[in-house]
Structure formats: C-alpha cells, structure tokens
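Please look at the sequence and the model below, and follow the account of one sheet and the helices that lie across it.

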Amino acid sequence: MGSMIIDQGLEPGTPPEKWNVSHPEKIQKIHLDYFNAGSDAVLTNTFGGSRMKLSAHKHGQSTEKYNQKAVELAREICPENCFIAGDIGPSGAFLPPVGTISVSDFEENFLEQAGYLADADIDFFCIETMVDLKEAEAAVKAARSVSNIPIFASITFQKTKRGYFTIMGDTVLNCVKTLEKAGGNVFGANCTISSDEMVDLIPLISQETNLPILAKPNAGKPQLENGKTVYLTEAKPFAKDIEQIIKNGAKVVGGCCGSNPEFIKEIAKHVKGE
Amino acid sequence: MNFAENCKESILNGDIELAKKLADKAISEKIDIDLAIDAFSLAIREAGDLFEEGEFFLPELMRSAEAMKAAMTIFEPILKEGKEDRILGKVVIGTIEGDIHDIGKTLVAALLSAEGFEVHDLGADVPINTFIDKAVEVDAQIICISALLTTTMVGQKKLINQLKEKKLRDKFKILIGGAPISKKWVEEIGADGSAENAISAVKLAREVLGI
C-alpha cells in the first residue's frame with residue numbers, strides 16, 4: 001500500500017492516511033487491484049494511523065476519522081469470503097536510551113487506534129514492522145484489550161553476523177514468546193529483509209512456535225535509479241521464494257516494500273494455481 | 001585494572017556515572033588528558049565495531065555514545081582553557097522536511113558527538129532554510145542530511161541547489177544518509193558522500209575534513 005501511494009504522487013510530508021479522506025477512490029482502487037490479483041485479505045491504509053505517528057505530521061486531530069474511513073473504504077469493496085485487516089505500524093517514537101517515551105505512552109497510543117479499528121469492523125488486526133519488541137507487545141496487548149478478533153503480530157528482523165535480531169537486540173525466540181503471551185494469534189516477520197533471507201528465517205521461527213506464521217518480505221533492497229527508487233527483486237523470483245517460504249512453514253504470505261499487485265498475482269499462481 | 005581499561009569498561013558498559021568519575025579523576029589527579037581521551041575514543045570505536053558485528057544493538061550503542069559524551073563534556077572546559085582545540089569540526093545534522101524518521105540521524109549525531117565533533121542536531125522534519133541558516137550561524141564544516149523516504153530524498157537535492165544559488169556550496173561538506181541512498185544519488189545531486197551506517201559515517205566525516 002505505502003509504496004503504491006508514493007508512486008501515485010503522495011506529497012512529501014503528507015501522511016498516507018490522509019488519502020483515506022482526500023483520495024478515497026485511489027485507496028479503494030489499490031485495495032481492489034490486490035483483491036483482483038488474488039489477495040484473500042487486504043490491510044487498511046492505517047499503518048501510520050496512530051495518534052503519535054500522525055501528530056509527527058501534525059495530523060493527530062484526524063486520528064479517529066482516518067482510521068474509521070480506512071476501514072469503510074476497504075469494507076465497501078471487499079469481496080465475499082475475503083478479509084480486512086486493521087493495519088497498525090510503529091509509533092515512530094522510542095524508549096530510552098534511544099528516545100524519551102515510556103511503555104505506557106505506547107499502550108495509550110495503540111489503545112486508541114485499535115479501538116477505532118475494532119469499532120469500524122475489521123476482521124483481524126495486523127500489527128507489523130515493529131523494530132522494538134516492547135512496542136509490539138504494547139500494541140498487541142492494546143488490541144487484545146479492545147477486541148477478541150485475531151491478532152497477527154509481525155516483527156522486523158535484521159540479519160546480523162550472529163543471526164536474526166531486531167535492531168534493539170531481541171531474539172526470534174523472545175519475540176515469539178512475548179507476543180504469544182500478549183495475545184497474538186499469528187506470529188510473523190515483515191519488511192527490511194528480502195525474500196531469499198525470509199526463506200532462511202522462517203524455519204528459525206517455526207522451531208520456536210506452534211502459532212501460524214506470517215511472512216511479508218521486501219522485494220529486495222531499495223536502489224536509486226535516475227532519481228527513482230527501485231526494488232531489485234522482480235515478481236517471479238519473489239513468488240518462487242514465497243513458495244519455499246510456505247514449504248518452510250509460513251501460513252500467511254504477502255509482500256512488503258517494493259511489492260505490488262503483480263507480486264500477489266504471481267504468488268496466487270503458485271499457491272492457488274490461479 | 002588500569003585507568004585506560006577502566007575508561008574502556010565505562011564506555012562499553014554504557015556506564016555514564018563511571019565515565020564521569022574517571023574523567024573527573026583524570027583532571028584531579030592530573031593524568032594526561034590526551035591519554036584519557038584516547039582511551040575513551042578507542043572504546044567508542046570498539047562499541048561501533050561490536051555494533052557492526054551484531055554483538056551490540058541500538059540501545060547498547062546509544063548508551064556507549066552517551067557515556068562518551070558525558071566524559072567529553074567534563075574535559076571540555078579544561079581543553080578550552082589550554083586553548084587546545086580538540087573539537088574535530090562542527091556539524092549541522094537533521095532529517096529533511098516532510099520526513100519524520102530520525103533514528104538513523106540520531107545515532108549518527110550521537111557517534112559524531114562522541115568522536116569529538118560539535119554537533120547541532122536540528123531534529124526531524126527540518127526545512128531546508130533552517131539547515132542553511134544554522135550552518136552559517138555556527139560556521140559548520142559539515143551538513144548531514146537524512147532522508148528515509150524516496151519522496152523526501154529530493155529535499156537533499158533541493159538543499160544542495162539552494163546552497164549553490166546562495167553561493168555557499170563550497171563552504172560546507174554535504175553528507176547524506178538514509179536507506180534508499182546510493183552512490184549514484186550522491187553523484188547525481190553533487191553531495192560529498194554517504195555512508196553505509198553510523199559507524200562508517202563517523203569515518204567519512206573525518207575523511208572529508210582530511211583528519
């Protein structure tokens with residue numbers, strides 16, 4: 001969603017969530033393109049829709065409206081037997097020593113957003129791209145406290161010489177156990193790592209948990225060509241990696257930065273024979 | 001454990017209080033300040049290496065940088081008194097307007113400051129003119145511009161063009177950072193360099209100033 005909105009001309013400094021109100025037809029078109037490509041579920045355009053994150057763009061006062069509208073837009077065009085995930089991304093703020101906020105600030109922030117999304121009738125939560133386990137835990141707890149619908153919790157890992165960790169140093173095991181305990185129903189990884197790295201990461205997750213596993217890799221690393229960012233992995237090899245990711249234990253798959261409906265189409269071909 | 005080893009331990013453990021105590025001790029017991037600073041500097045570089053190796057993560061690195069900064073703050077008045085200029089250079093740093101990502105920029109600022117640069121961190125979502133005004137005001141040698149989004153990277157180009165228009169381009173070295181930044185982009189917009197990560201950014205800052 002994010003990459004597509006940027007491609008369609010999002011002005012720098014504008015939160016993508018504003019488009020739920022200012023360009024609803026474009027947001028719906030993106031959702032529709034994904035459903036038509038074979039997606040079973042789409043994520044609402046609310047990744048940066050928490051008050052803390054919107055406030056950084058001076059749009060905090062629109063938190064309720066942006067979240068409600070996002071769900072409405074997806075609901076209107078959601079085909080039968082398909083699903084809408086309420087998307088929750090990081091607040092953009094950090095605990096000490098990196099930043100200055102507290103765990104209770106995180107909780108308050110996500111409680112509000114999760115409440116709006118749940119009230120607007122999503123099918124499940126997708127809490128994703130979390131680089132700090134403590135923030136992810138606060139978000140999962142907040143979502144669990146407002147609703148009993150399933151929670152997909154997805155962490156952003158980095159590959160280091162010693163294996164996969166969050167940038168804060170959380171291990172795969174610690175992330176899985178903490179988020180399971182907090183109320184997560186699906187555990188996963190998304191963003192930063194590419195599809196070939198995700199192939200290696202999934203078995204490490206599956207040996208730590210019986211929860212269903214989600215995998216949403218990036219389409220390779222971003223590179224700049226003639227002033228435009230391109231992601232080097234193309235749809236076909238990406239889908240091939242996804243096939244292996246599924247063999248390695250993932251139950252929910254998709255694409256993160258640099259992917260688009262074409263990628264989903266290729267995945268659907270492999271997975272569903274469409 | 002000797003004095004230098006204690007200094008190293010304080011930095012690698014991110015122990016701000018110990019780092020301060022050791023800096024005070026160096027002054028009160030008239031230990032050669034250059035040797036003390038060298039010991040602290042070696043330790044912060046080791047912290048950087050540990051980060052690259054995946055032994056240290058963001059919180060450890062930030063704590064080390066803070067401990068280093070605490071020690072350097074104590075040495076500062078003595079250094080100024082002796083008219084010995086240990087400030088490596090003045091840096092103005094910020095994330096460009098429209099972009100609110102500041103974790104990478106904050107890390108670079110912390111490490112530059114720990115290394116001995118005078119760092120003016122303008123925060124995130126910083127207008128182009130604020131960068132330029134501040135750099136002129138403090139007589140900076142380096143301007144570091146961070147942009148994480150492909151939509152805001154153009155701000156780096158605009159800033160450089162603005163400097164050219166104001167005939168100020170040659171006054172500063174411009175370093176740019178952010179996940180999508182490539183060598184090609186550096187060349188295209190006429191910046192002076194870009195580093196893979198915060199550790200290399202410090203090396204690069206020294207390099208462009210020839211120190």
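The paragraphs that follow go from the sheet to its strands and then to the helices.

This is a predicted model, in which local features need pLDDT of at least 70 and side-chain atom pairs count only at pLDDT 80 or more, while totals for chains, interfaces and linings use all residues. Residues are numbered from 1 along each chain as its sequence is written, and chains are lettered from A in the order in which they are written.

In chain B, four strands (DSSP runs of E, at least two residues, numbered from the N terminus) form an open sheet in the order β2-β1-β3-β4, with parallel pairing, where pairing requires that DSSP finds at least two bridges between two strands. The edge strands, β2 and β4 (173–177), each pair on one side only, and the twist averages 20° from one strand to the next.

Strand β1(B), residues 90–95, is joined in the parallel sense to β2(B), residues 118–121, over four bridges, with B:K90 opposite B:E118. With β3(B), residues 142–146, β1(B) pairs over five bridges, again parallel, and B:G94 has B:I145 as its bridge partner. Because five of its six residues are buried, β1(B) is largely enclosed by the rest of the structure; buried means that 20 or more other C-beta atoms, placed from the backbone, lie within 10 Å of a residue's own. Five bridges also join β3(B) to β4(B), and B:I143 is partnered there by B:I174.

Helix α6(B), residues 128–138, lies across β1, β2 and β3 of chain B, whereas helix α9(B), residues 198–209, lies across β1, β3 and β4 of chain B.

Definitions and conventions
Buried ≥ 20, exposed ≤ 12 C-beta atoms within 10 Å, placed from the backbone. Axes fitted to C-alpha atoms, helices over the stretch in contact; angles between N-to-C directions. Contact = placed C-beta atoms within 7 Å.
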